[in-house]
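Please walk me through this structure, beginning with its interior and then turning to its charged side chains.

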Amino acid sequence: METLKKIGKQSKAFYQSLSPARRWSLGLLLLLSLSFFVFVAVVLARDDYRALGGGMSAEEVQATVARLKERNIPARVRDTGDGVEVPASRLDEARIELAAAGLPRAGGAGFELFDHDDLGMTRFREQVTYQRALEGELARSIRSLKEVRSARVHLVLPQRSLFRDEQREPSASVMVNLLPGADLDPARVKGIRYLVSSAVEGLRPGRVTVIDGQGRVLARLDDGDGGGLSDERVAYQREVERRVERRILDLLEPLVGAGRVVAQVTAEIDFDKVVETREEYDPDRAVVRSEQRTNESRNRESAVAAGVVGTPSNLPGGGGAATGTQPGDYQRSSETLSYEIDKKVQRTERPQGSLRRLSAAVVVDGSYRSDGKGGKVQPTYQPRSAEEMERFAVLVKKAVGFDEKRGDQVEVSNLAFQTVEAPEAPTFFAAWWENLDGMAAARIAGLVLLGALLFFLGVRPALRGLLAARGPRTVLPPGQAMTVSELEQRLGPAGLLAGAPAAAGSAGEPAQNIRQIAAQNPERVVHLLKSWLEEESK
């Protein structure tokens, strides 16, 4: 407690010893320092707002803000008007609340369109509502991808026809708006197509078209007739080429060095689906499949008509018809043989994606020999021999599966590579400056400017005044009281004010010395007079 009182008295005495100008400087310094620390505290304590979502409609923004205000979560609309921002410290809480409320309903309404029964709904209206609900549900599912900001789905569902030839296939188109800097890789585009096709009856993945917000076609329509090149076919062809190129590099780089081999491969892929049915007959290998024989014979006499031919013999009383006998020997035979000819049926189905032709071009760098001349090592290029290049060509053909009947071509050449110096790595300051955020840079510049103003306008003048105030002063010896006459006797070059400059040739004139000292150091003289008055008042 005594220490605090002592510090307080010393501070009070120090403040009273300052001139009005220095008191103003000290007050300005304290005010600027306090303002600086308050500004820093406010900037650091301020909660930054983070985007909760984008690509919303006006209705979705209004519903989202109303829901957050009900839960006492601060929210504001983005400058673009298509999103909502909340404090970063409550971002997760806001997301949970909106998820529980089913907000935002991006992509349109879903199957909640059927939550209210409408007894007067016609069949056509029911079909349209079902299509709208299905499109909305698919858009919500696509929007769940982290790269997608919003999505819309359009379905074309033809009416069923009684005739198969008149039945048309359904199709779909998907439009995705991606986040800034995001991109969809082919695997995700393929996943979107399969997602939509699996949700619609009779829809093939090739009948789904996908585009982004900039109008780029991410997946084209495939009619399924086998013509043209789809994205999957182009990707498969490129994958085959990369795989063959990787084989060549893995084979030659250990022999000639990394980065000294370049390989380019062109593969012609047969995407035609061919089904062949072949029947072969061998007449030399006939086999009796069935045999049928029939024998008929008769060995008895039979009565036959005889007499005069004409009407009288047939009239009554005419004597009747005469009869006679005829031998009954009769024999008949037949034979039927059915042969089965040897028949061979062969059905061949060629899979799609078979390799039709392969062309490879390989460039190999030469060898280098170091020649030291003048204390500096200079590499000299040496071309490779023909025998070595021939061995490389044989190895490359074996690696790629060279087939001369297929028409494959492989060319291996030896050329000198041009050396390119690697760029220098960016310094720490350059990398920091490139990654610096705009708002963070503005805050740092503001703090630096405020600190500079605080130093030049407050700290520097105050320190200059304080250092001047703490210069050599004339004070009385501690514990000794002196009158003005006694002090005048002691003034002079050897007195208490010996540290102050005295006029030359005036050491024996105290009054003149006092006038000169008062003219040169008025502040010190005032302080001295104040101390005398305080002592006399005691």
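The paragraphs below go from the nonpolar cores to a buried glutamate and then to the salt bridges.

The model is a predicted one, and its largest nonpolar core is a good place to begin. This core has 23 residues, of which Ile248, Leu252, Val362, Val396 and Val412 touch the most other members. Two or more residues come from each of the helices α7 (231-256) and α8 (386-400) and from each of the strands β8 (261-270), β13 (354-364) and β16 (409-414), and with six residues it is α7 that gives the most. Val362 can serve as a viewpoint within this core: leaving aside its neighbours within four places in sequence, Val362 is in contact with Ile248, Leu252, Val261, Val262, Ala263, Val396, Glu411, Val412 and Ser413. Apart from this core lies another one, which has 22 residues and includes Leu138, Leu178, Val189 and Val210.

Burial is not described here for nonpolar residues alone. Glu85, which lies in strand β3 (residues 84-87), has a relative accessible area of 18% and therefore counts as buried, since the cut-off is under 20%. When its neighbours within four places in sequence are left aside, the contacts of Glu85 are Tyr49, Arg50, Ala51, Leu52, Pro74, Ala75, Arg76 and Arg78.

The charged side chains come next. In the whole structure, a search finds 21 salt bridges, and helix α7, already met as a contributor to the largest core, holds the residues of the following two examples. Glu239 and Arg242 are joined by a salt bridge with an N to O distance of 2.9 Å, and these two residues of α7 are three residues apart, about one turn of the helix. Glu239 is partly exposed at 35% relative accessible area, and Arg242 is likewise partly exposed, at 40%. Further along, Arg246 forms a salt bridge with Asp250, with 3.0 Å between the closest N and O atoms; because they are four residues apart in α7, about one helical turn separates them. Here too the partners are partly exposed, Arg246 with a relative accessible area of 40% and Asp250 with 46%.

Another pair is formed by Arg293 and Glu291, whose closest N and O atoms are 2.7 Å apart in a salt bridge. Arg293 counts as exposed because its relative accessibility is 59%, where the cut-off is over 50%, whereas Glu291, at 45%, counts as partly exposed. Finally, salt bridges can also link more than two residues, as they do in the network that connects Glu147, Asp185 and Arg188.

How values were computed: Residues are numbered from 1 along each chain as its sequence is written. This is a predicted model: local features need pLDDT of at least 70, side-chain atom pairs count only at pLDDT 80 or more; totals for chains, interfaces and linings use all residues. Side-chain values use heavy atoms; hydrogens and water are left out. A nonpolar core is a set of buried Ala, Val, Leu, Ile, Met, Phe, Trp, Tyr and Cys residues joined through side-chain atoms within 4.5 Å. Buried means under 20% relative accessible area, exposed over 50%, partly exposed in between (1.4 Å probe, protein chains only). Contact means heavy atoms within 4.5 Å. A salt bridge is a side-chain nitrogen of Lys or Arg within 4 Å of a carboxyl oxygen of Asp or Glu.
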